[in-house]
Amino acid sequence: MKYTAEQKFVAIDFYDGRVMYDFKRQKTIICDIDFFRKSPAVNDMGRMWGSSILMSPEEFEKGAVLDEITNVYTLGAMAFALFGNYKRDLEN
């Protein structure tokens, strides 16, 4: 996602199904990026598309700014979901 941030894009509807691993080349590939937007973007719909367990707080708030912080949150949540015992409780 470093390259994504350098190009001033923010991931929308990003989840684990958009990440593939090439075992032969030992390389991680991000695919299906049609919902990326130029950053900073604005949440224009309220609850955005995506898996709520990976979504940053601003992806639930209409009018909120979506930027590289959104990407960092999403990747962190994905890392916890894939490698830890992460269960997000939206009430906390």
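**Exercise 1. Determine which residues of helix α2 are buried in this predicted model, and where they lie around the helix axis**.

Step 1. The buried residues of α2 are Thr70, Asn71, Thr74, Ala77 and Met78. Viewed along the axis of α2, these buried residues fall within an arc of 135°, so they line one face of the helix.

Step 2. The general geometry gives the background: an α-helix has 3.6 residues a turn, so residues three or four places apart point the same way.

Step 3. On the other side of α2, the residues Ile69, Val72, Phe80 and Phe83 are exposed.

Step 4. As a check on the helix itself, α2 runs over residues 68-83, and its 16 residues, at 1.5 Å a residue, should span 22 Å, which agrees with the 22 Å between its end C-alpha atoms.

**Exercise 2. Classify Asn71 as buried or exposed, and state how far it lies from Thr4 in sequence and in space**.

Step 1. Asn71 lies in helix α2, and its relative accessibility is 3%. Because buried means under 20% relative accessible area, Asn71 counts as buried.

Step 2. Although Asn71 and Thr4 are 67 residues apart in sequence, their C-alpha atoms are 8.8 Å apart in space.

**Exercise 3. List the salt bridges of the structure and describe the accessibility of their partners**.

Step 1. A search of the whole structure finds three salt bridges. In general, side chains of opposite charge can pair when their charged atoms come close.

Step 2. Asp13 and Arg18 meet through their side chains at 2.8 Å, N to O; Asp13 is buried with a relative accessible area of 12%, and Arg18 is buried with 5%.

Step 3. Asp22 and Arg25 meet at 3.0 Å, N to O; here Asp22 is buried at 18% relative accessible area, whereas Arg25 is exposed at 59%.

Step 4. Arg37 and Asp44 meet at 3.5 Å, N to O, and Arg37 is partly exposed, with a relative accessible area of 23%.

**Exercise 4. Place Asp22 in its strand pairing and describe the turn of the hairpin**.

Step 1. Strand β2 (residues 19-22) pairs with strand β3 (residues 27-30) in the antiparallel sense, over four bridges. The bridge partner of Asp22 in β3 is Lys27.

Step 2. The two strands form a hairpin with four residues between them, and in the turn Gln26 has a positive phi of about 50°.

**Exercise 5. Identify the residues that make the nonpolar surface patch, and locate Trp49**.

Step 1. Phe35, Met45 and Trp49 make a nonpolar surface patch of about 270 Å².

Step 2. Trp49 is found in the loop between β5 (41-42) and β6 (65-66), and at 41% relative accessibility Trp49 counts as partly exposed.

Notes:
Residues numbered from 1 in each chain as written. Predicted model: local features only at pLDDT ≥ 70, side-chain atom pairs only at ≥ 80, totals over all residues. Heavy atoms only, no water. Pairing = 2+ DSSP bridges. Patch = residues over 30% accessible without salt bridge, like charges linked within 9 Å, V, L, I, M, F, W, Y side chains within 5 Å. Areas by Shrake-Rupley, 256 points an atom, 1.4 Å probe, with all protein chains shown as cover. Salt bridge = Lys/Arg side-chain N within 4 Å of Asp/Glu carboxyl O. Buried < 20%, exposed > 50% of the residue type's maximum accessible area, 1.4 Å probe, protein only. Expected span 1.5 Å × (residues − 1). Arc of directions from axis to C-beta.
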